[in-house]
Amino acid sequence: ALICERYGAALRDESHRLGLRLYHEGVGDGNVDTIDFTLCGDVPMSEFWMANPDHGSIPPIVSAAHLSGNPLVASEAFTAGPENLGWGHDALRLKQATDPALAAGANRFVYHCFIHNPFAAKYRPGIRKGHWGTHMEPTQTWWEHVGASIAGYQGRASALLQAGRPVVDALVFTGEGAPNAAEPSGSFAGS
């Protein structure tokens, strides 16, 4: 509670003072309650990595959004490390990562890497953020062929999910300690 009050809420209040909204990514194995910490911000935010297809960090953030009545569930999307070849992801791989994230409840994608490149016409693939992230941006060699289609698909699906009404059929107690998280859905198989 102290971290939420002294850090999360203070950051939100300062953001509001500056006319900004705070996207608050309350995920990870930290020493705070994921849902409480997420609710310190204006827009609950999760993340998903290209190497982790179960998108396990999204459901608790969806719960936070539902508890607060917020229709938005942002997600840091397509995060990747050096072992995942950020430049090597193609449109099919991005679609394969998009659909489970949407099904898990994410409805606003915040691309991990979308670099502003004033030299895009001259230098390709261009400036990058080291070896982190999937480069979902016009400097990708395939962008002109399918980039707008991928972003359009994600935008349309997100708009539909944001306009919908959540229906929740299960309650999972994640414990009172921190860190806390629900088990991935596959762990309940056969029970």
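Here are three short exercises on this predicted model, each with a worked solution.

Two notes before we start. Residues are numbered from 1 along each chain as its sequence is written, and side-chain values use heavy atoms, with hydrogens and water left out. Because the model is predicted, local features need pLDDT of at least 70 and side-chain atom pairs count only at pLDDT 80 or more, while totals for chains, interfaces and linings use all residues.

**Exercise 1. Find the order in which helices and strands follow each other along the sequence.**

Step 1: Take helices (H or I, at least four residues) and strands (E, at least two) as DSSP runs, numbered from the N terminus. The chain has 5 helices and 4 strands.

Step 2: Reading along the sequence gives α-β-α-β-α-β-α-β-α.

**Exercise 2. Work out how helices α4 and α5 are oriented to each other, and what kinds of residues meet there.**

Step 1: Fit lines to C-alpha atoms over the stretch in contact, and take the angle, from 0 to 180 degrees, between N-to-C directions. For α4 (residues 91–104) and α5 (residues 143–163) the angle is about 5 degrees, and the axes are 11 Å apart.

Step 2: Angles under 35 degrees count as roughly parallel, over 145 as roughly antiparallel, 65 to 115 as roughly perpendicular and the rest as oblique. Helices α4 and α5 are therefore roughly parallel.

Step 3: Look for contacts, meaning heavy atoms within 4.5 Å. On the α4 side you will find A91, L94, K95, T98, D99 and L102, and they meet V146, I150, Y153, Q154, A157, S158 and L161 of α5. These residues divide into 8 nonpolar, 3 polar and 2 charged, where Ala, Val, Leu, Ile, Met, Phe, Trp, Tyr, Cys and Pro count as nonpolar, Asp, Glu, Lys and Arg as charged, and the others, Gly among them, as polar.

**Exercise 3. Classify the ring pairs Y7 with F37 and F78 with F109.**

Step 1: Rings of Phe, Tyr and Trp (its six-membered ring) pair if their centres lie within 6.5 Å; planes under 30 degrees apart count as stacked, over 60 as edge-to-face and the rest as tilted. This rule yields 6 aromatic pairs.

Step 2: Y7 and F37 have ring centres 6.1 Å apart and planes at 15 degrees, so they are stacked. Since Y7 sits in α1 (residues 2–17) and F37 in α2 (residues 34–38), the pair ties together parts 30 residues apart in sequence.

Step 3: F78 and F109 are also stacked, at 6.0 Å centre to centre with 10 degrees between the planes. Ring pairs link F48, F78, F109 and Y111 into a cluster.
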